[in-house]
Amino acid sequence: MHNEWVAWGGDGESMHARRFAIYGVVFGLGFPVIGTIIEAFTRGFGLGPAGLARAQVVSPLLWIIDTAPFFLGVLAYLAGRAQDDTIQLEAARRDGYEKTAHELFTAAQALLSTVSSFSSMTAETAASVRETTATMGHLGQTATKAALTAETVIGLARKGERSSVEGLSAVETSLAEMLKLADEVRALSGRIEALNTRMRDIFEIASVVNYIAERSQKLSDRAAQSTQAGPAAGAFGEVVTELRSHSEEAKRASVQVKGILSEVHKAMLAAMTAAEVGIRRAEQGATVASGTGETIRRLATALRESSQAAQEIATVAQQQDHGIDQVLKAMNEIYLATQETMSSTQAVATEAKALNDLALGLKKAVEG
C-alpha cells in the first residue's frame, strides 16, 4: 500500500499535499468567479468580460474574495501535508509491524526448531541414561557376583590353607616317624648283626663239639679194640659202647645245631638285607616326605597369598559395588530430571508451536 501511495504522486511525502492544494485552489477559484458574477449582475454591469472586470474594480469585497484560492490552497496544502504525515506514520508503523511480525515469526520458527532439536536430544539423552542405567545395573550384578565369588575363593583358600597346614603337620609327623623307624630299623639291623656274630660263635662252638664227638668216637673205637681180650672187657665195653652212643648223639646234635644255625644265619642275612632295604626306603620316604612337606609349605604360602589377594579383590568388588550403587542412584536422579526436562520441553514445544501459529497469523494479518 505504501508503494501504491508513492506511485500516485511520485513523491510520497507530498502526494496528498499537492493534490489537496490543487483541490483547494480550484475550489477557491469558485468563490471569486461566483462573487464577481453576483456583483456584476447585482450592479447591472452585465455578465460580459467588461462587466465582470468592472465589478472586480468597483467592489473591494471581491478583492478579499479573490484571495480565497490562495488561502484555501494553503489550507488544503496543510491538510494534505497532515494527511501525508499521517499516512507516512501509518506506513512506517505498518512496516514496523511487518518487520516485527517477520522477526517474531522467524524467532518462533527458530525457537520451535531449537525446542524440537532439544526435545530430540533430551529423548536421546533419556535413552542413553536408560541404557547406561541398565549397563550399570548389570555391572553392579557382576560386581556383586564377583564379591560373592571372591568370598567363596577366600573360604576355599582358607580351607585349603588349613588343609595344607594339617597336611604339612601330618607330613612332618610322618617324616619324624620315618626317621624314627629308620633309626629303629638301623638299631634292629645292628642287633641282628650282633646276633649273627653270636651265632657264628655258637657255630664255632658246635664245630668244636662235633670235633670232640668225632674224637670221642675214635677213642671209643680204639678202646673197644684194646679191651676185647682183657679180663674186664665186659664192663669196659659197656662204657665204651655208652661213650660211643653219646658221641654219636653229640655228633648228630652238633650237625643239627649247625644246620639250624645255618638256617638262622641265612634268615639273619635276609633280615639284615631287608633291614638295609627298609632303611633305604625309610630314608627315601623321609626325603620324599621332606620334599612333599616343602611343596605343601609352598602351597600353603601360595594359598595364603591367594587368600589375601582374594580378600583384596573382595574389598575392591565391595567398593565397586558401593560405587555402582551410588552411580545408579545418580543415574536414576538424572533419568528423573531428564523425564522432567522432557515434559517441560514438550510443554515449551507446545507453547512454541502456539507462538509460531500466532506469529504466522500476525504476519498474514499485517501483510493482508
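**Notes on an all-helix predicted model**

1. Just 26% of the 368 residues in the protein are buried (under 20% relative accessible area, 1.4 Å probe, protein chains only). Bear in mind that this is a predicted model: local features need pLDDT of at least 70, side-chain atom pairs count only at pLDDT 80 or more, and totals for chains, interfaces and linings use all residues. Residues are numbered from 1 along each chain as its sequence is written, and side-chain values use heavy atoms, with hydrogens and water left out.

2. On the fold: there are six helices and zero strands, counted as DSSP runs (H or I, at least four residues, for helices; E, at least two, for strands) and numbered from the N terminus.

3. Have a look at helix 2 (residues 15-43) and helix 3 (residues 49-58): their axes, lines fitted to C-alpha atoms over the stretch in contact, come within 8 Å and cross at roughly 95°. That makes the two helices roughly perpendicular, because angles of 65 to 115 degrees count as such. Contacts here (heavy atoms within 4.5 Å) involve Pro 32, Thr 36 and Ile 37 among others in helix 2, and residues including Gly 51, Leu 52 and Ala 55 in helix 3.

4. Across the protein, 82% of the contacts with a separation of 6 or more are between residues 24 or more positions apart.

5. Leu 75 sits in helix 5 (residues 68-226). Leu 75 counts as exposed because its relative accessibility is 54%, and the cut-off is over 50%.

Terms used. Axes fitted to C-alpha atoms, helices over the stretch in contact; angles between N-to-C directions. Parallel < 35°, antiparallel > 145°, perpendicular 65-115°, else oblique.
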